[in-house]
Amino acid sequence: MNEKLAKLLEAVEYGKVDQKSPYPPNLKGMDGAHELTQQALDAGIRPQDILEEALIPAMGNVGRKFSENKIFVPQMLMSAKAMGASMAHLKPFFASGKIKSRGTFVIGTVKGDLHDIGKNLVAMMVEGAGWTIVDLGVDVDAGRFLEALSKNPGAVVGLSALLTTTMTNMGEIVAKIKESTPDTVIMVGGAPVNMDFCRKIGADFYAPEPRGAVDFLNQLAS
Amino acid sequence: MHKLTIHSAGKVSSANVSRETILLDAIRYRGFMIYAPCGGKGSCGKCEVYVRDEGYVTSCLYTIEEDIEIVLPEPVEANILAAQYEYSRILPLSPGPASRLSDSPYGVAIDLGTTTLAFHFIRLATGTLLETSTVLNPQAKYGADVISRINYCITVPEGLLTLQSELIDVFNLQLSHFTEKSNISPDDIVKICICGNTTMLHILLGVNPGPLAFVPFTPVFCEERIVRASELKLFCNPLGEVKVLPSLAAYIGADIVAGIASLAPVPAHKNFLFIDVGTNGEIALITADRIWCCAAAAGPAFEGANIEHGMGALQGAINIYYGQNNFQTIGDTPPVGICGSGLIDLVADLLRSGYVSADGYMEEKFLVVPSERSGNGTAIYITPKDIREIQLAKSAIVSGINILLRRTSLTVDNIDALYLAGGFGNYIRKESAEAIGLIPTGLSEKVIPVGNTSGTGAILAVRSEKFDRYVSETLDSMEYTELSDDEDFALQFAINMGF
C-alpha cells in the first residue's frame, strides 16, 4: 500500500487528530490525520482511494478492537475525531460526486433523551464506512425523523436511547416512520435495547455495539 | 398447579403456584426479598436461589414446571456505618408542635435511599438518638437504579402504588419493631422527617415520577411537603407530622440539600467540594456566595450492581483490599463478593501491578478469592467488563467535578476540602481513589469522610425546627448544572475514562 495511506490509516486507528494533538502520547509531534490527508491529496492520490484504503480499514480496525474489548469509548472517540479531521478534506469530493457515498444514514437520540455519546460513536463509525450522515442530534421526535426522510428518500434510520424509560419512545417513532414509508430500514441501539425489544417495536435491526451496525449497513449497500 | 416449598432463615413454608410461573415472581409474591438489580431481565444473574436436586438457578429465568423445593440466601441486613457527627451542625432542641401530641414523644428520621433505608429513632424530650437501623430498599427487586423504578411506575399498571406500598410496609415494619422493642405506644411517635432523592420522595407520596426520566426532567414537586401520618397509613400517631424535606431538581434531591445544610465545615474551608457517592453521584462545589451542583450518572457500579461479583456494603463484602490476596470483609466473615470501596482498592492494585493498563485494558479476568476460600463456594473474580463499568462510573464523577471547577474558574489548588458522604466514603482508601482517578490528583489529602449526611439532615430536622432555615438558605444558594446539556461533558467524560 501507498506509504502515505498507511500512515493515515495508522493515525486514524490510533486517534492522532493533527500534529499538535498530544494524543496518543507515542505519536507526539508527528503528523496527524489532518496533515496526512492534505499530503495525500497533494500527492495526487484519489479521494476515493483515501477513503477506501485508509479511513474505512482504520475504522474497521477500531470497531473490531472495540468489540473485542481491547479499546474503550475514549480511544474510539479519538479515532472518530481523527477520521473527522480527514473527512473535512474529503467533504468537497463527496459533494462534487468524485467520491461515491454508499448511502445516507439518518441518526438521532430519541425524544426525552439527551445522551449522545453512543449515538455519536455509531454515526462516526458509519461515516467511516463511507456513508453520508444526517445527524439530527438529541431529543428527536418522530416528526423530525420524517422530515429528514422526506429530504433524503431511501435513507436508513438509526434510533438511539440510553434510558429504559426513553427507550419506550422508540416504538412510537418506528410506527410513524413505517406508516409513512414502510420500506424504510430502521436500526435501534443503546444500553437498554436488545433484539427482543427491536422485534417487538417492529424495527429491522439491533446490534449491541457499533461494528454490528456498520456490518449490517454494508450488507444493505452491497 | 405445582407445590413450591421455600426454606428461608430456618423456616419452611409452602404454596401452590400455577403452571409456568416464573420462580422470581412466585418468591416475591409470597413476600420474600430477592435482590434483582437488573429488575428481572435475566442480565445480572444476582437473583440466584438454590433448587433442591438441581442446584443454583437464576430465578427470573426459571419457570416452575413441577413441584420444587428451594432455599433462599441468608438474609443479610445492610450494614452502613451510622452517621458521623464530627462535621455536623449542632442545633438547640426544638422539635416543634407535633411533640405536644404525646407526654413522651418520639421522632423518626429516615434516609430514603435507592439502595438502602436508614431509620433513626429519637427521644424528642432530650433529642437523644436511641437507635439506628438500616435495611435494603425493598424496591431493589424492581431494579437497582431510579430509572428502572420510574420505568416500573410508568409501564406496569398500579406500578406506582406497588412501589409506594413497598416503602410504607417497610416503614411500618421498622416503626412497629421499634415500638414493641421499646415498649412504647405507636401514638408516641409524633414526628417523622424524610430525606431522599427526588424519585424516592415522589414514589413515597404516591406522585407519578414519570416526568423525572424524560427531558426536560421536571419534578412534579420540589418543595417541602408536610402530611399527616394517617394519610400515609403509618403505624404511629395518626395526627403525627410527616415532613418530606425539599429537593432542588430531578437529580438533586432532599438527601443532598439537607446533607449540605447539615454540614458544619471547618471555618478555614472557604471553597470546598461535597460529594455523595451512592447509586448516583451528586457533586456540589460550595463557595462563599453560591453552591454549584450537578448530578453525575455514575450508575450503581460502586453499589456493586453491574459488577460480576459486586455487592452492596453487606456482610461478607470485601471492603478493603490490601493487595496480594490480603483483604478485609464487612463483619469479618468469609468473602462472598466485593463492595464499592473494595473494588476501588482492587483496581488500584491491578493498575500498580500492570494487570490492568492505563487505558483500562485487561487481558483476562483476575481471581480475587478462590472457591475454597470464599463464603459461598464460588470463586470471586474481577472481569474486564467490570473494569469498563468502573471506568464509566469514575469518569462520570471526576468529569462532574471538573465541569463545576471550570464553571467557577477554580482549580484543585483552590479547593480546601472534599467532604465525602455516603456509606462508601467511610471505607474508601484515599490513595486508591486517587490512583484510579476517582478523585483528582491533589485532592485525596483533603478528603474528609462525613458518613450518611442525608440521615444527619433528617435527624436535625426531627430535633430542631431551626434546621428549616439552613435548608432554605442552602436551597436559595444552589445553582444546578445539567451535565447532559454541557457541551464539554462528552469529551471530558471520554478523556477521564483513562486511569
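Helix H6 of chain B comprises 13 residues, 340-352, in this predicted model. At 1.5 Å a residue, a helix of this number of residues should span 18 Å, and the C-alpha atoms at the ends of H6(B) lie 19 Å apart, so the expected and modelled values agree. Burial was examined next. Of the 13 residues of H6(B), 12 are buried, and the helix is therefore largely enclosed by the rest of the structure. The buried set includes the hydrophobic-named positions Leu343(B), Ile344(B), Leu346(B) and Val347(B), and among its other members are Gly340(B), Ser341(B), Asp345(B) and Asp349(B). H6(B) is followed by Gly354(B), which has a positive phi, near 80 degrees.

The interface between the two chains was then considered. Here 21 residues of chain A are in contact with 24 residues of chain B. Together the chains bury about 1,900 Å², of which 71% is on carbon and sulfur atoms. Phe72(A), Leu114(A) and Thr165(A) supply 31% of the area that chain A buries against chain B, more than any other three residues.

With respect to specific interactions, zero salt bridges are found across the interface of chain A and chain B, whereas four residue pairs are in polar contact. On the side of chain A that touches chain B, helix H4 (73-95) and helix H7 (164-167) each supply at least two residues. The largest share, five residues, comes from H4(A). By class, this side of chain A has eight nonpolar, eight polar and five charged residues.

How values were computed: Residues numbered from 1 in each chain as written. Chains lettered and ligands numbered in written order. Predicted model: local features only at pLDDT ≥ 70, side-chain atom pairs only at ≥ 80, totals over all residues. Heavy atoms only, no water. Contact = heavy atoms within 4.5 Å. Buried area = accessible area lost by both parts, 1.4 Å probe. Salt bridge = Lys/Arg side-chain N within 4 Å of Asp/Glu carboxyl O. Polar contact = N/O pair within 3.5 Å; in protein donor to acceptor, adjacent residues only side chain to side chain. Helix = DSSP H or I, 4+ residues; strand = E, 2+ residues; numbered from the N terminus. Nonpolar A, V, L, I, M, F, W, Y, C, P; charged D, E, K, R; others polar. Expected span 1.5 Å × (residues − 1). Buried < 20%, exposed > 50% of the residue type's maximum accessible area, 1.4 Å probe, protein only.
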